[in-house]
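Dear colleague,

Please find the structure below, with its sequence. My notes on it follow directly after.

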Amino acid sequence: MTKQRILVVEDDLDIANVLRMDLEDAGFEVHHADAAMTGLIKAREQNPDLILLDLGLPDFDGGDVVQRLRKNSSVPIVVLTARDTVDEKVRLLGLGADDYIIKPFHPEELLARVKVQLRQRGSEALTLGELELDPQKRLARYKEEELRLSPKEFEILSLLIRQPGRVYSRHEIGQEIWQGRLPEGSNVVDVHMANLRAKLRDMEGYGLLRTVRGVGYALRG
């Protein structure tokens, strides 16, 4: 089973290391960024399942990071902050943060809040226009009709629909869906994408799946 990925954006290395150990002990794959800009780059490249974000970053405020992430991503964001005021909490939630934890915090509380956010994300319906995916029921619909997909096709579509417009390379899809176990030069990804495109086309989903020649695939936003 693929580990869920958490990106920790925290410039205090002592806190970051503690977070890494606690999260890895809980079974998560953890990546770290020590500045806002690095965090934004890693969020785009690594597509984490959740971001733990410190507000007091050296290059710019964590609130700005939340705003930038929300322009093209619905990834759960849990903010770590020492600013324990009602106005600050309202501001963070208004910017698009999903939750916040006041420093200092207990590791068990942090893990509980992380798991709540991931559970909510894993069960929510994913929609893009007339395309809808229900992760719990493993059900896909287009124009209110069931789209019959193989398990891998469903996983690929779930990956693409979370960030409409983003182009995923064949390598990224292979890493995400097959955990990097595909042999070099394999055309398995292309075969699955062709099958997925044909099924969408049969339901008049013309042009929904976009191929960027020499780069990869995306769903049209």
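P76 counts as buried, at 4% relative accessibility; buried means under 20% relative accessible area, exposed over 50%, and partly exposed in between (1.4 Å probe, protein chains only). P76 is placed in the loop between α3 (62–70) and β4 (77–81), where helices (H or I, at least four residues) and strands (E, at least two) are DSSP runs, numbered from the N terminus. P76 and V8 are 68 residues apart in sequence, and their C-alpha atoms are 12 Å apart in space.

Please note that this is a predicted model, in which local features need pLDDT of at least 70 and side-chain atom pairs count only at pLDDT 80 or more, whereas totals for chains, interfaces and linings use all residues. Residues are numbered from 1 along each chain as its sequence is written, and side-chain values use heavy atoms, with hydrogens and water left out.

Regarding the interior, the largest nonpolar core (buried Ala, Val, Leu, Ile, Met, Phe, Trp, Tyr and Cys residues joined through side-chain atoms within 4.5 Å) has 27 residues. L131, I173 and L219 have the most contacts inside this core. At least two core residues are supplied by each of β6 (126–128), β7 (131–134), β8 (139–142), α6 (151–161), α7 (170–178), α8 (188–202) and β12 (216–219). The largest share, six residues, comes from α6.

Turning to charged pairs, there are 19 salt bridges, each defined as a side-chain nitrogen of Lys or Arg within 4 Å of a carboxyl oxygen of Asp or Glu. One of them joins R113 and D99, with the closest N and O atoms 2.9 Å apart. Because R113 lies in helix α5 (residues 107–123) and D99 in strand β5 (residues 99–102), this pair ties together parts that are 14 residues apart in sequence. R113 is partly exposed at 28% relative accessibility, while D99 is buried at 14%.

A salt bridge is also formed by E155 and R138, whose closest N and O atoms are 3.8 Å apart. E155 lies in helix α6 and R138 in the loop between β7 and β8, so the pair connects parts that are 17 residues apart in sequence. E155 is partly exposed at 26% relative accessibility, and R138 is partly exposed with a relative accessible area of 43%.

Finally, a network of salt bridges links D61, R83, E88 and R91.

Yours sincerely
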